[in-house]
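Welcome to a short set of exercises on reading a protein structure. Take a look at the picture, try each task yourself, and then follow the worked solution.

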Amino acid sequence: MSTPGALVLGSDYRGLGAIQSLGRRGIETWLVRGPQRGVADFSRYTRRSIVWPEGSPESRAAFLVDLAERNGWRDWAILPSGDETAAFCAMHAATLSGPFRLTTPTWEIVEQAHDKRLTYRLAAEIDVPHPRTWELGEVDPADADCTFPAILKPSAKDANNALTVDKAWPVHDRAELLARFADAVRLLPRDQILLQELIPGGGNEQLSFAALAVDGDPVCSLVARRVRQYPMDIGRASTFVETIRDDEVRSLGERVVAHLKYSGLIEVEFKRDPRTGEPKLLDINPRMWGWHTIGRRAGMDFAHLAWQLAQGTVPARREAPPGVRWVWLAGDVPTAVREIARRRLRLLDYLRSFRRPVDLATVTLDDPRPGLMEVPLQVGIRLRAPTLPSGTRTASGTAALSRASRS
């Protein structure tokens, strides 16, 4: 009996990491992606790359089932690498779970992470600190008793527009809030727009609890600090991450995972508020997060563990040690250059980022082509990027790299 393979949804560095982890173990892996090629297309471990067909989510689910039937697949795992594909797998679990083994839980669970309105209601319910947030479908921004600076953010990333690409828009006073809100309602229904307090401090105050969980029990887990991100102040993507010990973040992350009775890969993001010292919940990612390949150096290769769990094998319990590093060079080099120019980072400190153990997200000796192709692919994305319509401006310089990091 042949070993079941895997379908990885998404061709960015998250999908690449999963393909490499499985391919090195002799697990056949196919890639399903959008119309633009990503770094995972160039991996020696990608058996075949398939472009999503046009059509509804229901027709795409039927397409995957037909693909399994035509190729005689049994018990192949599906690993989504982005918010949209994780939601797709959860919503269409009844269709996909015939031929496939899913690595995402049910939609009732995934929706709590996918929709930030529900995320912050959940945090309030289980007494997990989180930023003050106003749902602008219920509160007029002119009446919100927020302090400035604050941010406008989407409740979910279902649409691809300037606000979802930028992740958040800073606003520094009431007049700017009303102007940016007028921009936002041209892109999204107002009930999908959130106003949130801006937690002071840079990206290096962001902390994560990440795990492979089984029925709410984080069997394999770590705590990490996002040292650098792109862009640095309100990041769309992590660029340098390091494992740490932080019992408070671990405890809060475990509380979220246990309440959800979560099974699969999950990252719970926090930012420590320097005014109170509290880590405040920002996001829950119910899928492979951007830096999941840090596990390759931390004794827990998360993509392979998720595949094993889908096949019915619960891995041995383990926690990652502190001091393991992950660097995404394509995003980290421009971030570091800017930080050094602003005198917020010393060159020597930057070079220390590469102390072992370190995982270089797309740069590996046994699979060099993805790393060599990453910069040309990003240049191509910039050249092909359409001009955004009026009212959909993005923060300068972030849009193309953001699209490159999306699944």
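**Exercise 1.** Which residue in β9 is the bridge partner of I151?

*Solution.* Keep in mind that this is a predicted model. Start from I151 and look across to β9: the bridge partner there is Q196. Next, widen the view to the two strands, β7 and β9, which pair in the antiparallel sense over 5 bridges. Now turn to β8, which is joined to β7 by 3 bridges and also runs antiparallel to it. In that pairing, A150 stands opposite V171 of β8.

**Exercise 2.** Work out the strand order of the open sheet that 4 strands form.

*Solution.* Step one is to write the order, which is β6-β9-β7-β8, with antiparallel pairing. Step two is to find the edges: β6 (133–135) and β8 (169–171) each have a single partner strand, so one side of each is left without a neighbour in the sheet. From one strand to the next, the twist averages 25°. Step three is to check the β6 edge, where 3 bridges join β6 to β9 (residues 193–197). Within β9, L194 is the bridge partner of E135.

**Exercise 3.** Decide how many of the 5 residues of β7 are buried, and say what follows.

*Solution.* Begin with the cut-off: a residue is buried when its relative accessible area is under 20%. Counting along β7 gives 5 of 5 buried, so this strand is largely enclosed by the rest of the structure. Then sort the residues by face. In a regular strand, side chains alternate between the two faces of the sheet. On one side of β7 you find A150, L152 and P154, on the other I151 and K153, and all are buried.

**Exercise 4.** Find which strands helix α6 and helix α8 lie across.

*Solution.* Take α6 (residues 116–125) to begin with: it lies across β6, β7 (150–154) and β9, and it runs at about 45° to β9. Then take α8 (residues 174–184), which lies across β7, β8 and β9 and runs at about 155° to β8.

**Exercise 5.** Is R272 buried or exposed?

*Solution.* Locate R272 in strand β13 (residues 264–272). Its relative accessible area is 19%, and buried means under 20%, so R272 counts as buried. Now look at its surroundings: leaving aside neighbours within four places in sequence, R272 is in contact with several residues, including I199, P200, L207 and D246. E248 deserves a closer look, as its side chain and that of R272 are joined by a polar contact of 3.4 Å.

For contrast, try K261, in the loop between α9 (247–260) and β13. K261 has a relative accessible area of 59%, and exposed means over 50%, so K261 is exposed. K261 also has a positive phi of about 50°, although it is not a glycine.

**Exercise 6.** What radius of gyration would a compact globule with 407 residues have, and what does the protein chain have?

*Solution.* The expected value is near 22 Å; the chain has 20 Å, which agrees. Next, consider burial: buried residues make up 58% of the 407 residues. Finally, look at contacts with a separation of 6 or more, where residues 24 or more positions apart account for 68%.

Methods
Residues are numbered from 1 along each chain as its sequence is written. This is a predicted model: local features need pLDDT of at least 70, side-chain atom pairs count only at pLDDT 80 or more; totals for chains, interfaces and linings use all residues. Side-chain values use heavy atoms; hydrogens and water are left out. Two strands pair if DSSP finds at least two bridges between them. Axes are lines fitted to C-alpha atoms, for helices over the stretch in contact, and angles run from 0 to 180 degrees between N-to-C directions. Contact means heavy atoms within 4.5 Å. The radius of gyration is taken over C-alpha atoms; the globule rule is 2.2 Å times the number of residues to the power 0.38. Buried means under 20% relative accessible area, exposed over 50%, partly exposed in between (1.4 Å probe, protein chains only). A polar contact is a pair of N or O atoms within 3.5 Å; within protein, one must be able to donate a hydrogen and the other to accept it, and residues adjacent in sequence count only if both atoms are side-chain atoms.
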